[in-house]
Amino acid sequence: MDADREGSGRRTPGRAAAYVACGAVLLAGCASMPDSGDLRGVDSTPRQDTQVRVYAMPPREDAEPTDIVQGFLEALTSDDPNYETARKYLTASAAKQWQPGLSTTVLDDGPGADVVPPADRQQSDDKSFTLVGTKVAVVDAQQSYSPASGEYRETVHLVHDKKTKQWRIDSPPRGVVMGKSDFQRNYVSVNKYYFASNTKAATAPQTVAVADPVYVRERVDPMTQLVRSLLKGPTTWLDPVVRTSFPTGTALKNGVSALAPDDRSTLTVPLNDKARNVGTDQCKAMAAQLLFTLQNLTPAVDDVELQAGGKQLCSAAESEADGDATRGSVERPEFLYFVDGEHRLVRVPAEAGGSGTKAQVVPVPGALGDGDKDLRSVAVSRDEHTAAGVGIDGRALYVGSLVSGGSLGEPVLVSSGKAAEDRLTTPSWDTEGDLWVADRNPADPRLLLFKEGAGKPLEVEIPGLDGRIKDLRVAADGVRIALVVEKGGKQSLFIGRIEREGRTGDPQSVSVRELRSTTPDLEEVTTMSWAGDSRLVVVGREQGGVQQTRYVQVDGSTPEGPPPAALTGVKEIAASEDDEMPLVAYSEDGIVRLPSGAQWQKVDADGTAPVYPG
């Protein structure tokens with residue numbers, strides 16, 4: 001499931017409904033469960049076509065306890081909007097108290113169920129089962145995904161109703177539980193968008209839009225789910241660094257149960273009275289948030305119209321939203337940059353040429369392209385006006401303008417690390433035009449920020465960092481940073497939240513907080529790059545495995561769709577947040593890139609260190 005999609009970055013959810021029998025879509029006790037003997041798995045439903053809706057059967061008359069538990073678990077994987085069928089397996093009291101929206105626990109396989117022997121062998125009016133499995137992830141009440149591990153154990157208790165003579169569950173598991181294949185069939189990852197609270201783009205006085213990925217049920221009116229989620233506000237992890245334009249308490253108007261665009265691709269969104277007094281500028285910002293969010297889900301919405309208090313507040317089109325805020329996924333770079341065989345900074349047009357068309361490699365204007373300093377790694381500012389380069393021994397960091405005749409001057413930073421691998425990492429530019437770099441010197445490891453690439457560096461605090469930074473990339477939104485952290489010979493990829501204290505554009509202190517692991521199954525991370533508003537491309541290796549290149553979401557989930565085409569011996573990789581730009585790598589064949597729908601193509605046999613702006 002993928003919030004940063006290939007190509008247009010949009011997806012149309014399935015709309016057709018169908019009822020099919022046990023082996024396909026209508027769930028009705030398709031697996032068996034013992035009431036004695038060995039533990040058996042409660043099978044996950046095979047993944048179905050996304051255009052097919054899945055419904056569950058209510059409990060049969062005089063169903064046995066095993067069938068009640070089985071039917072309830074299968075009902076959790078259906079497309080029943082409010083889990084009404086699942087509630088029919090519960091007692092009246094339990095049905096009222098059960099909160100399926102509290103969480104969704106994802107297991108490696110469907111939950112297994114083991115009968116708990118009764119304490120009193122004469123007792124026949126109640127039974128208990130223990131649900132077991134291996135946890136993969138948890139989606140919380142905010143629809144935010146987090147990787148998980150360890151054993152899952154929950155007890156389900158049933159009673160025999162004296163009036164109806166039917167078995168029912170009076171103690172269901174917490175929230176919803178299902179296997180990974182059912183989760184992938186039921187849920188889709190989509191970005192909702194907020195605005196960076198203390199960050200603006202250096203190239204224009206624009207607000208920066210920040211993606212906040214959530215999981216919604218794919219065939220249960222995902223558009224309305226997503227709008228409700230947007231109105232409730234950002235997820236807890238992202239909340240400290242973003243803001244919403246919607247007034248506190250804004251929600252859909254009472255009685256609005258579903259949203260759908262009209263035949264002009266306009267979506268009307270009726271809001272409650274909390275939004276009735278917003279001004280035009282604020283309303284336009286609200287509309288921009290909605291459009292960014294909905295465009296990530298479906299191409300069916302071109303315009304939105306906001307209403308409150310019985311009147312129209314404002315309307316906005318897709319083109320207007322793009323003028324109100326900047327997003328990395330729509331900011332197209334002009335050039336791809338790398339270090340050539342003579343250790344100079346060079347560039348080629350970012351747009352890949354047609355088959356058989358060889359890109360023209362030229363040195364960049366200015367001192368970094370003149371060859372006076374041999375370079376090992378580089379970074380180019382997002383406006384493509386300035387570049388930073390680390391010397392070939394990793395000791396010195398230089399910053400220069402990309403204009404002809406510009407001089408380089410003294411390095412802005414020199415590492416005291418004794419070995420090349422103990423010195424400076426590849427630098428990275430943020431959206432405000434500030435430069436980030438880590439000094440790996442074991443005697444004084446630091447993450448540093450240079451305001452506008454110059455002056456005295458600011459040391460960035462990283463609470464909870466356990467290990468040394470091997471690599472870093474700042475996201476286009478300026479509020480998240482990807483860090484490859486090395487400890488004990490292993491590397492892990494983390495996403496941290498950038499918090500700035502002080503006036504916008506003049507931070508007095510900067511910290512990276514609440515590091516989240518995105519690749520817990522990898523023991524080696526060779527290289528990585530941002531590849532969308534909430535997606536990265538990573539080259540790494542699992543324990544005992546071979547090198548692989550794959551996409552990951554910032555929340556640690558795996559995007560839907562195939563990984564990049566295989567490439568051997570990848571040492572460095574570069575991607576643009578605009579997913580229409582080719583993926584680029586430094587491999588055994590030098591610099592190569594992967595245009596959409598094509599195979600890897602050679603750009604330069606002697607080049608290294610490829611980067612897009614950022």
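Two strands count as paired if DSSP finds at least two bridges between them. Helices (H or I, at least four residues) and strands (E, at least two) are DSSP runs, numbered from the N terminus. Keep both ideas at hand for this tour.

Before you click, note that this is a predicted model, where local features need pLDDT of at least 70, side-chain atom pairs count only at pLDDT 80 or more, and totals for chains, interfaces and linings use all residues. Residues are numbered from 1 along each chain as its sequence is written, and side-chain values use heavy atoms, with hydrogens and water left out.

**Stop 1: a sheet**

Select strand E17 (residues 345-349) and E18: two bridges join them, and they run antiparallel. Now pick arginine 347, whose bridge partner in E18 is valine 362. Widen the selection to the open sheet of four strands, with the order E18-E17-E16-E38 and antiparallel pairing. At its edges are strand E18 (362-363) and strand E38 (608-611), each pairing on one side only. In general, strands of a sheet pair through backbone hydrogen bonds, either parallel or antiparallel.

**Stop 2: aspartate 221**

Go next to aspartate 221, in the loop between strand E10 (207-217) and helix H5 (222-232). Is aspartate 221 buried or exposed? Buried means under 20% relative accessible area, exposed over 50%, and partly exposed in between (1.4 Å probe, protein chains only). At 30% relative accessibility, aspartate 221 is therefore partly exposed.

Show the side chains of aspartate 221 and threonine 224: they make a polar contact of 2.5 Å. Such a contact is a pair of N or O atoms within 3.5 Å; within protein, one must be able to donate a hydrogen and the other to accept it, and residues adjacent in sequence count only if both atoms are side-chain atoms. Leaving out residues up to four places away in sequence, aspartate 221 touches Ser257, Ala258 and Leu259 (contact means heavy atoms within 4.5 Å). Proline 81 is 140 residues away along the chain, yet its C-alpha atom is 8.3 Å from that of aspartate 221.

**Stop 3: aromatic rings**

Colour the aromatic residues and look for eight aromatic pairs. Rings of Phe, Tyr and Trp (its six-membered ring) pair if their centres lie within 6.5 Å; planes under 30 degrees apart count as stacked, over 60 as edge-to-face and the rest as tilted.

One tilted pair is tyrosine 145 with tyrosine 215, 5.3 Å centre to centre, with 35 degrees between the planes. This pair links strand E5 (residues 145-147), home of tyrosine 145, to strand E10, home of tyrosine 215, 70 residues apart. Both tyrosine 145 and tyrosine 215 are buried.

Then select tyrosine 193 and phenylalanine 292: their ring centres are 5.9 Å apart and their planes lie at 70 degrees, so this pair is edge-to-face. Tyrosine 193 belongs to strand E9 (residues 187-200) and phenylalanine 292 to helix H6 (residues 280-295), so the pair ties together parts 99 residues apart in sequence. Tyrosine 193 is buried at 2% relative accessibility, and phenylalanine 292 is buried at 1%.

**Stop 4: the largest core**

Finish at the largest nonpolar core, where Leu271, Leu306 and Leu536 touch the most other members among its 63 residues. A nonpolar core is a set of buried Ala, Val, Leu, Ile, Met, Phe, Trp, Tyr and Cys residues joined through side-chain atoms within 4.5 Å. Which element gives the most to this core? H6 does, with nine residues.
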